[in-house]
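Morning, everyone. Here is my structure for this week. Take a look at it first, and then I'll walk you through it.

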Amino acid sequence: MSELVQSKLKFKNPIIENVHFQRNLDYDDMKEVVGFVPSAEMNVKILEGSMATATLTFSIGEKATNPYFTFSAVASADFKWENMEDEAARKQLRISGASVLISYIRPVLSSMTAQSGLLPYQLPFIDFSRFE
């Protein structure tokens, strides 16, 4: 078994700031939801004392390309770190912070699709390593 190394980043107070969901009532609700490409934006605000607030804005299912539903959400958390330069922390937050925050959005999306009468949409894992 491998020994795990704890990240230099620590977080607290993750919250969902905003959620928007709209189901297309003209869609046949028993078909599996497939074929979307989600989009996201990660905003990192560096604060004093090796701290930052990171905010992930996520959307999937723009109405023009998705007959099923539209969904968007904003999640944020406070982060802190030790023994790391601010710019290195910013780069790591864009990847690791986004991965943490999407984990709070994922069950909301699944729940909202299920409660709207659609099959629950299970957001797949997202590779944030190429996140702009």
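Let's begin in a loop. N83 sits between β4 and α1. What is the phi of N83? It is near 55°, a positive value in a residue other than glycine. Most residues other than glycine have a negative phi. N83 is also exposed, with a relative accessible area of 70%. Please keep in mind that this is a predicted model.

There is another such residue. N13 is not a glycine, yet its phi is positive, about 55°. This one lies in strand β1. And just after α1, G117 has a positive phi of about 100°.

Now the overall layout. The chain has one helix and four strands. What is their order from the N terminus? It runs β-β-β-β-α. The chain has 132 residues, and 34% of them count as buried. Take the contacts between residues at least 6 apart in sequence: 69% of those join residues at least 24 apart.

On to the helix. α1 covers residues 86-115. It has 30 residues and reaches 42 Å from its first C-alpha to its last. That is close to the 44 Å expected at 1.5 Å a residue. Where does α1 bend? At L93, by about 40°.

Which side chains in this helix are buried? The list for α1 includes A89, L93, G97, A98, L101 and I102. Further along, I105, R106, L109, S110 and T113 are buried as well. So L93 turns up twice: it is the site of the bend, and it is buried. What do the buried residues of α1 pack against? They pack against β1, β2, β3 and β4.

That takes us to the core. In soluble globular proteins, nonpolar side chains tend to be buried together. Here, the largest nonpolar core has 30 residues. Which of them touch the most other members? I60, F69, F71 and I105. At least two residues of this core come from each of β1, β2, β3, β4 and α1. In sequence, β1 spans 9-23, β2 spans 39-47 and β4 spans 69-81.

Let's follow I105. Leave out residues up to four places away in sequence. I105 then touches I16, L56, F58, F71, A73 and A75.

Next, a serine. S59 is in strand β3, which covers residues 51-60. Is S59 buried or exposed? Its relative accessible area is 14%, under the 20% cut-off, so S59 is buried. Its side chain makes a polar contact with the side chain of S39, at 2.8 Å. Setting aside neighbours within four places in sequence, S59 is in contact with P38, S39, F71 and S72. Notice F71 there. We also met F71 among the contacts of I105.

Last, charge. Side chains of opposite charge can pair when their charged atoms come close. How many salt bridges does the structure hold? One. It joins the side chains of R90 and E87, at 3.5 Å from N to O. Both residues lie in helix α1, three residues apart, about one turn of the helix. An α-helix has 3.6 residues a turn, so residues three or four places apart point the same way. How accessible are the two partners? R90 is partly exposed, at 27% relative accessible area. E87 is partly exposed too, at 44%.

That's my tour. Questions, please.

Methods
Residues are numbered from 1 along each chain as its sequence is written. This is a predicted model: local features need pLDDT of at least 70, side-chain atom pairs count only at pLDDT 80 or more; totals for chains, interfaces and linings use all residues. Side-chain values use heavy atoms; hydrogens and water are left out. A salt bridge is a side-chain nitrogen of Lys or Arg within 4 Å of a carboxyl oxygen of Asp or Glu. Buried means under 20% relative accessible area, exposed over 50%, partly exposed in between (1.4 Å probe, protein chains only). A polar contact is a pair of N or O atoms within 3.5 Å; within protein, one must be able to donate a hydrogen and the other to accept it, and residues adjacent in sequence count only if both atoms are side-chain atoms. Contact means heavy atoms within 4.5 Å. A nonpolar core is a set of buried Ala, Val, Leu, Ile, Met, Phe, Trp, Tyr and Cys residues joined through side-chain atoms within 4.5 Å. The expected span of a helix is 1.5 Å times one less than its number of residues. The bend at a residue is the angle between axes fitted to the seven residues ending there and the seven starting there.
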